[in-house]
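Trainee: I have a structure open and would like to go through it with you. Could we start from the overall picture and then turn to details?

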Amino acid sequence: MGGRKLALLVGINYPGTKAELKGCHNDVDRMRRCLIDRFGFDEADIRVLTDADRSAPQPTGANIRRALARLVGDARPGDFLFFHYSGHGTRLPAETGQKDDTGYDECIVPSDMNLITDQDFRELVQKVPNGCLFTIVSDSCHSGGLLDSAKEQIGNSYKQNKTQSREPEEQRDSGSGSSFRSFLKETVRDVFESEGIHIPHSRHGQRHHGGDDEDEAYAQPTGDGRSKNRSLPLSTLIEMLKEQTGKDDIDVGSIRMTLFNVFGDDASPKIKKFMKVMLGKFHQGQSGEHGGGGGGGGVMGMVGALAQEFLKAKLEGNEEDAFKPALEQEVHSVDEVYAGTKTWAPNNGILISGCQTNQTSADATTPKGESFGALSNAIQTILAGKHGEVTNKDLVLKARELLSKQGYTQQPGLYCSDEHVHVAFIC
């Protein structure tokens with residue numbers, strides 16, 4: 001088959017920070033060699049962004065987004081596009097204050113914390129020309145839902161998301177706001193628990209959201225090596241944003257607003273849409289403040305208190321200048337900015353995730369000092385052992401089997417249309 005082969009590889013170790021990882025640069029180096037030696041990529045057609053060399057362009061949110069836009073923008077029918085990401089993943093809980101907004105946004109975490117959301121990836125894949133295939137490998141935590149709305153072929157992330165994203169009817173109908181507070185506390189507890197450089201054996205079997213999930217939520221170390229998960233806890237994200245901004249008032253409820261305040265037009269499109277909606281809610285709340293309609297559409301609710309303080313401070317200046325990147329966004333309804341909102345599935349994108357959306361992926365270091373992502377290492381091991389074509393389905397099933405044998409609980413997933421299940425991995 002003809003067509004060019006174009007790739008973007010991103011590996012982020014976050015050196016010198018609370019979020020430091022060890023294996024992401026190695027993942028990218030190995031994948032780069034593999035693309036050239038096995039898949040016939042031209043070295044000039046592979047763009048690499050890592051934080052290994054501070055004098056080189058860094059894998060910031062803006063740089064990754066621009067590189068992805070260039071990758072897709074340069075594509076023509078018949079081309080093969082490939083994006084590999086090794087680094088932290090995180091899940092942002094809902095922050096609109098609406099009682100029915102109880103999902104999560106799955107995100108990758110660039111070096112500057114300028115998060116890129118699952119919806120950003122969906123919108124990117126929508127722009128891929130027909131007849132062009134875009135494969136994404138995300139060796140990060142909570143990556144099962146990263147390609148928002150892609151059809152789940154291997155995995156159960158969307159089943160879990162469905163059960164996690166809505167409150168029980170009796171709680172939702174109480175009208176007291178206590179159900180949302182309970183959800184928020186549960187969310188914070190979950191992400192705080194996900195922190196841990198080396199997961200002790202006492203945590204085996206521990207699960208997110210209690211009870212019924214079949215999958216353990218934590219990747220486990222293998223053999224005598226050490227393992228850190230690639231989940232960035234919300235507590236650490238908040239701490240790093242505080243250090244970056246010099247502000248101490250960042251908390252659940254104002255994370256998206258802080259990201260907009262710091263990054264402006266370079267922030268995620270979904271973050272900018274969120275800001276436009278919250279600005280409208282703020283104005284509604286002010287106009288209805290003296291109307292006494294508690295719990296109405298104009299009241300921002302429990303989480304909205306932080307938002308209101310933030311917006312008041314921003315509005316002391318020129319509103320049009322301060323919110324221009326947000327005001328330029330097209331938003332048709334408030335639920336477009338809900339956390340975890342799903343829309344139609346892109347059919348020319350393939351996502352291979354390191355784990356299910358409620359799991360963490362391992363960043364492992366062997367006794368000999370070699371570091372790597374568990375999924376990335378599994379992919380290289382499988383490809384090295386088979387010289388012929390490996391389909392997307394075969395790769396993911398073999399990776400699941402290999403990781404299980406190595407003692408990991410993370411389960412890679414495959415998300416794509418039916419026609420791409422048995423297509424050769426990458427090209």
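Mentor: We shall take the overall make-up, then a strand pair, two helices and the nonpolar cores. Please keep in mind that this is a predicted model.

Trainee: How many helices and strands does the protein chain have?

Mentor: The protein chain has 14 helices and 13 strands.

Trainee: And what share of the residues is buried?

Mentor: Of the 427 residues in the protein chain, 56% are buried. The accessible surface comes to about 17,500 Å², and carbon and sulfur atoms hold 47% of that.

Trainee: What part of the contacts links residues 24 or more positions apart?

Mentor: Counting contacts with a separation of 6 or more, 75% are between residues 24 or more positions apart.

Trainee: Let us turn to strands. In which sense do β1 and β2 pair, parallel or antiparallel?

Mentor: Strand β1, residues 5-11, and strand β2, residues 46-50, pair in the parallel sense, with five bridges between them. Helix α1, residues 24-37, lies on the path from β1 to β2, and this β-α-β crossover is right-handed.

Trainee: Which residue in β2 is the bridge partner of leucine 9?

Mentor: Leucine 9 has valine 48 as its bridge partner there.

Trainee: Changing topic: what span should helix α7 have, given its 12 residues?

Mentor: Helix α7 covers residues 234-245, and at 1.5 Å a residue the expected span is 16 Å. The end C-alpha atoms are 16 Å apart, so the model agrees with the expectation.

Trainee: Which residues of α7 are buried?

Mentor: The buried residues of α7 are Leu234, Ser235, Thr236, Leu237, Ile238, Met240 and Leu241. Just after the helix, glycine 246 has a positive phi of about 75°.

Trainee: Is α8 mostly covered or mostly open?

Mentor: Helix α8, residues 255-263, is mostly covered, with seven of its nine residues buried. Among them are Arg256, Thr258 and Phe260. Glycine 264 follows α8, and its phi is also positive, near 55°.

Trainee: Now the interior. Which residues have the most contacts inside the largest nonpolar core?

Mentor: That core has 60 residues, and Leu81, Phe83, Phe134, Leu237 and Met275 have the most contacts inside it. Helix α9, residues 269-288, gives the most to this core, with seven residues.

Trainee: What does leucine 237 touch?

Mentor: Leaving aside residues up to four places away in sequence, leucine 237 touches Leu92, Met113, Leu115, Leu232 and Ile255. Ile255 is also one of the buried residues of α8.

Trainee: Which residues does the second core include?

Mentor: The second core is separate and has 35 residues, including Phe82, Ala364, Leu383 and Ala399.

Conventions: Residues are numbered from 1 along each chain as its sequence is written. This is a predicted model: local features need pLDDT of at least 70, side-chain atom pairs count only at pLDDT 80 or more; totals for chains, interfaces and linings use all residues. Side-chain values use heavy atoms; hydrogens and water are left out. Helices (H or I, at least four residues) and strands (E, at least two) are DSSP runs, numbered from the N terminus. Buried means under 20% relative accessible area, exposed over 50%, partly exposed in between (1.4 Å probe, protein chains only). Contact means heavy atoms within 4.5 Å. Accessible areas come from the Shrake-Rupley method with a 1.4 Å probe; for residues, only the protein chains shown count as cover. Two strands pair if DSSP finds at least two bridges between them. A crossover is right-handed if, with the strands pointing away from the viewer, the path from the first strand over the helix to the second runs clockwise. The expected span of a helix is 1.5 Å times one less than its number of residues. A nonpolar core is a set of buried Ala, Val, Leu, Ile, Met, Phe, Trp, Tyr and Cys residues joined through side-chain atoms within 4.5 Å.
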